[in-house]
Amino acid sequence: MRINEVMVIDDSGYREGALKEVFSDQFGKTKSLSLADIVIRKMMEDVSLRINFLATFNQPDFEDVCRKRMVEILC
């Protein structure tokens, strides 16, 4: 992977929604996620972002959203 092929995406627009999700009544009922993982998932769900792959050590927490968006997971 060449560095010029990687773009860092600002996550500030996703943080507030993720924090609200952590404090919602539904949090943790289906999956236990960290605040950072929720921010990443919200970014992955945003169809306006072009995401080709996700590098993570925690594949199970992202499999569903990556499959839906056809994003390759690099472990």
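**Exercise 1. Classify E21 by exposure, then find its salt-bridge partner and place both residues in the chain.**

Solution. In this predicted model, E21 has a relative accessible area of 32%. Buried would need under 20% and exposed over 50%, so E21 is partly exposed. The side chain of E21 forms a salt bridge with that of K42, at 3.0 Å from N to O. E21 belongs to helix α1 and K42 to helix α2, so this pair, 21 residues apart, links distant parts of the chain. K42 has a relative accessibility of 24% and is partly exposed too.

**Exercise 2. Describe the salt bridge between E16 and K20.**

Solution. The N to O distance in this bridge is 3.4 Å. Both residues sit in helix α1, and because they are four residues apart, about one helical turn separates them. E16 and K20 are each exposed.

**Exercise 3. Work out which parts of the chain the D64 and R41 salt bridge joins, and whether each partner is buried or partly exposed.**

Solution. The side chains of D64 and R41 meet at 2.8 Å, N to O. D64 is in helix α3 and R41 in helix α2, so the bridge ties together parts 23 residues apart in sequence. At a relative accessible area of 34%, D64 is partly exposed. R41, at 12%, is buried. The total count of salt bridges is four.

**Exercise 4. Locate D37 and list its contacts beyond four places in sequence.**

Solution. D37 is part of helix α2, residues 35-45. With a relative accessible area of 14%, D37 falls under the 20% limit and is therefore buried. Beyond its sequence neighbours, D37 contacts N58, D61 and F62.

**Exercise 5. Identify the residues with the most contacts inside the largest nonpolar core, and the element that supplies the largest share.**

Solution. This core has 15 residues, and M44, L54, C66 and V71 have the most contacts inside it. Helices α1, α2 and α3 each supply at least two core residues. The largest share, four residues, comes from α2. Among the residues that L54 touches are I40, M44, F62, C66 and V71.

**Exercise 6. Name the residues of the nonpolar surface patch and place L74.**

Solution. V6, F53 and L74 make a patch of about 210 Å². L74 lies in strand β2, residues 72-74, and is partly exposed at 32% relative accessible area. L74 is also one of the residues touched by L54.

**Exercise 7. Judge the confidence of the model.**

Solution. The mean pLDDT of the chain is 88, with 92% of residues at 70 or more. Among the elements, helix α3 has the highest mean, 95, and strand β1 the lowest, 91.

Definitions and conventions
Residues numbered from 1 in each chain as written. Predicted model: local features only at pLDDT ≥ 70, side-chain atom pairs only at ≥ 80, totals over all residues. Heavy atoms only, no water. pLDDT = per-residue confidence, 0-100. Buried < 20%, exposed > 50% of the residue type's maximum accessible area, 1.4 Å probe, protein only. Contact = heavy atoms within 4.5 Å. Patch = residues over 30% accessible without salt bridge, like charges linked within 9 Å, V, L, I, M, F, W, Y side chains within 5 Å. Areas by Shrake-Rupley, 256 points an atom, 1.4 Å probe, with all protein chains shown as cover. Core = buried A, V, L, I, M, F, W, Y, C linked by side-chain atoms within 4.5 Å.
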